[in-house]
Amino acid sequence: TVPTPLEAEIYPGSKIEVRGYLYQPQRPKNPGQFDFKNYLKRNGAFAGISGREITVIQKNNWGFWRLRDRVINIHQKGLGSPEGELISSMVLGRTAVNLPYSIQDQFLKAGLAHILAASGFHVSLLLGLVLAITQQFKVSLRFAIGIGILILYVGLTGLQPSILRASLMGVAGLLGLLTERKVNSTQSLLIIATILLLINPLWILDLGFQFSFLATLGLIITLPILLNKLNFIPPTIASLIAVPIAIFPWIFPLQLFHFGTVATYSILLNVLVTPLAIFLILGGMISGFTGLLIPDLGSAIAQLLFYPTQLLITIVSGFNQLPGSYLLFGKLELWQLLIVITIIVFIWQSSQGKHYWQLALVSAIIIIAIPISYKQISSKQITIFAAEDPIIFIKNNSHTTLINCGGQDTIRYTVLPFLQQEGIQTIDNAIALSSENSWQNLMQEINIKQLFYNPSLETELRNKTSLPVRSQQRISLNQTLVQKRDLEIYKINPMLLKIKVGTQTWGFLSNATQSLPNIRNDLQEIDLLLWQGREIATTWLEELKPKSAIAISNQISKDVTFTLTQQQINFYLTGQQGAVQWTPQAGLKTWLN
């Protein structure tokens with residue numbers, strides 16, 4: 001990685017010298033967080049360098065990257081931002097373009113990620129366009145032009161597994177055209193997948209490869225059956241309806257395994273926007289390829305796509321604002337994924353599976369739904385996140401409580417991934433103890449029923465945040481905030497919040513460095529004491545006598561370490577050991593150790 005200003009010095013194929021800091025990628029410190037180390041491992045990288053200086057030893061002035069940049073500039077000049085980046089992403093894939101995150105997020109939530117990822121959909125459109133234009137040519141010439149266009153497109157998009165798979169399938173189709181023989185699509189797909197994995201076995205871990213392979217298999221196997229069922233509808237309309245339905249059962253289990261989310265209206269939205277998407281992708285391809293020869297003409301053609309592009313963005317944004325458009329379902333375990341895939345293969349390959357497909361389908365749904373539902377309504381756990389701000393999530397069966405939520409980045413990269421993994425769509429009670437919380441950002445994604453806040457935060461909350469919650473309450477002294485079965489959260493001291501789950505009693509200090517005040521009524525021994533920072537006034541430890549302690553910090557002072565050791569208190573550091581989770585069965589467990 002290098003600072004943005006240095007990017008201009010880097011070109012594919014050049015030989016460069018980089019000076020910087022070598023580092024070993026770390027595992028995520030919180031459950032559900034993006035695993036950067038595993039991501040690099042899937043791409044064959046096991047160490048990183050944070051570059052600070054770059055010296056170009058041998059510059060490479062030519063390559064497909066220059067054509068790619070030219071296409072992106074043509075779209076940018078004709079459409080502006082973000083429409084230009086969106087069209088470039090729809091033509092070349094979002095990995096080749098710096099598409100704004102807000103646009104990416106809208107399409108991902110709506111279930112339209114495949115439109116922004118160069119895939120078989122794009123190759124089919126491109127090859128179909130080329131074959132339509134060259135319909136009057138000789139077969140051998142059509143074959144040569146098709147191969148040339150595929151090579152050019154692969155070069156422009158990069159050696160992405162999904163594009164390689166689709167392009168090789170296109171080559172197989174062209175060979176069938178040349179030899180006038182029918183191609184066995186299933187066999188071709190399996191042979192191509194085998195070839196790609198022999199070239200690079202790590203591609204088996206690439207999400208693009210996994211989704212592309214399963215989606216294509218779904219089209220080959222399921223689409224003809226659906227089209228036959230929809231023979232009373234005009235073929236064009238039947239295809240629009242059948243394609244997303246044919247793909248859905250094949251990729252849905254994999255989507256839950258990796259992301260744990262469901263785009264509720266994705267099938268309907270795909271049916272509605274596919275004609276518009278086809279028009280925009282073909283228009284982007286035509287303007288891009290034209291611009292490679294005549295840049296001004298390419299930009300002029302791209303200008304014609306401005307209003308249709310805005311229409312697509314508006315439709316996607318509108319669907320995302322519908323109630324329940326984006327559900328956090330919860331991630332599947334590996335054993336669930338393998339069983340469901342086995343059932344799908346059983347329906348496909350077995351005569352009994354074809355006969356009892358309805359029973360097999362119900363079995364697959366039960367295997368997906370029951371374990372996740374049971375976990376959501378019956379599990380008890382407390383999670384203390386490894387973050388700059390003290391954040392605690394409490395799950396008591398189906399009841400959920402969140403103490404603090406952190407800033408915008410903490411919500412996006414820590415809190416939301418965790419809730420997504422757990423399938424938590426609603427927070428019953430939120431407690432704001434700190435001013436370093438962006439509740440508005442969280443409420444855009446998660447429903448919060450009730451919010452408690454310190455009186456000192458009232459002005460800030462009301463000025464900065466419109467709180468669409470049913471009830472907002474100040475936290476007063478000796479107030480019980482949550483009382484649900486064997487869960488109780490109450491404030492008995494200006495700086496101390498107590499959490500009681502079953503027989504466990506925890507204390508959370510909002511200001512650990514301040515000594516214990518004279519108000520000591522209702523104080524009693526606790527099982528665990530939690531605070532933020534390196535220091536804690538020893539009077540708290542002496543009075544509360546915790547059995548365990550958790551410091552939300554990278555380290556604590558030697559004096560605090562000595563006191564904790566002397567009093568035989570087990571202590572944890574979230575900065576070093578990651579998030580700390582408690583369950584009745586396993587007790588306290590750290591995420592990294």
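**Exercise 1. Locate Pro-82 and describe the peptide bond before it.**

*Step 1.* Pro-82 has its place in the loop between helix H2 (64–79) and helix H3 (83–92). Helices here are DSSP runs of H or I with at least four residues, strands are runs of E with at least two, and both are numbered from the N terminus.

*Step 2.* Ser-81 and Pro-82 are joined by a cis peptide bond, with omega about 5°.

A note before you go on: this is a predicted model, in which local features need pLDDT of at least 70 and side-chain atom pairs count only at pLDDT 80 or more, while totals for chains, interfaces and linings use all residues. Residues are numbered from 1 along each chain as its sequence is written, and side-chain values use heavy atoms, with hydrogens and water left out.

**Exercise 2. Describe the chain as a whole.**

*Step 1.* Begin with the secondary structure: the chain has 23 helices and 19 strands.

*Step 2.* Next, look at the extent. The C-alpha trace spans about 95 × 65 × 45 Å along its principal axes.

*Step 3.* Now turn to burial. Of the 593 residues, 48% count as buried; buried means under 20% relative accessible area, exposed means over 50%, and partly exposed lies in between (1.4 Å probe, protein chains only).

*Step 4.* Finish with contacts, meaning heavy atoms within 4.5 Å. Among the contacts with a separation of 6 or more, 58% are between residues 24 or more positions apart.

**Exercise 3. Find the buried and exposed sides of helix H22.**

*Step 1.* Helix H22 covers residues 558–566, and its buried residues are Val-560, Thr-563 and Leu-564. They lie on the same side of H22 because they cover an arc of only 95° around the axis; the arc is that of the directions from the helix axis to the C-beta atoms.

*Step 2.* Now turn to the opposite face. The face of H22 turned away from its buried side carries the exposed residues Lys-558, Phe-562, Thr-565 and Gln-566.

*Step 3.* What covers the buried residues of H22? The cover includes strand E15 (528–532), helix H21 (538–544), strand E16 (548–552) and strand E17 (570–573).

*Step 4.* Look at what comes after the helix. Gln-568 lies in the loop between H22 and E17, and its phi is near 55°, a positive value in a residue other than glycine. With a relative accessible area of 71%, Gln-568 is exposed.

*Step 5.* Lys-545 also has a positive phi, near 45°. Lys-545 sits in the loop between H21 and E16 and is partly exposed, at 47% relative accessible area.

**Exercise 4. Work out the surroundings of Thr-400 and Asp-486.**

*Step 1.* Is Thr-400 buried or exposed? Thr-400 lies in strand E7 (residues 399–403), and it counts as buried because its relative accessibility is 2%.

*Step 2.* List its neighbours. Leaving out residues up to four places away in sequence, Thr-400 touches Phe-393, Ile-394, Lys-395, Ile-424, Thr-426, Ile-427, Asp-428 and Asn-429.

*Step 3.* Asp-486 is in the loop between strand E11 (479–484) and strand E12 (487–493). At 32% relative accessibility, Asp-486 counts as partly exposed.

*Step 4.* With residues up to four places away in sequence again left out, Asp-486 touches Lys-380, Asn-396, Lys-500, Val-501 and Gly-502.

*Step 5.* Compare sequence and space: Asp-486 and Thr-400 are 86 residues apart along the chain, and their C-alpha atoms are separated by 13 Å.

**Exercise 5. Explore the largest cavity.**

*Step 1.* Start with the idea: rolling a probe the size of a water molecule over the atoms shows where empty space is left. On a 1 Å grid over the protein atoms alone, a cavity is a set of points where a 1.4 Å probe fits but cannot get out, and lining residues have an atom within 4 Å of a point.

*Step 2.* The structure holds three cavities of 30 Å³ or more, and the largest cavity has a volume of about 50 Å³. A volume is the space filled by probe spheres set on the points, which are joined across faces, edges and corners.

*Step 3.* Which element gives the largest share of the lining of the largest cavity? That share, four residues, comes from H12. H3, helix H7 (139–157) and helix H12 (266–293) each supply at least two residues of this lining.

Key:
On a 1 Å grid over the protein atoms alone, a cavity is a set of points where a 1.4 Å probe fits but cannot get out, and a pocket is an open set with protein on both sides within 12 Å along at least five of seven lines; lining residues have an atom within 4 Å of a point.
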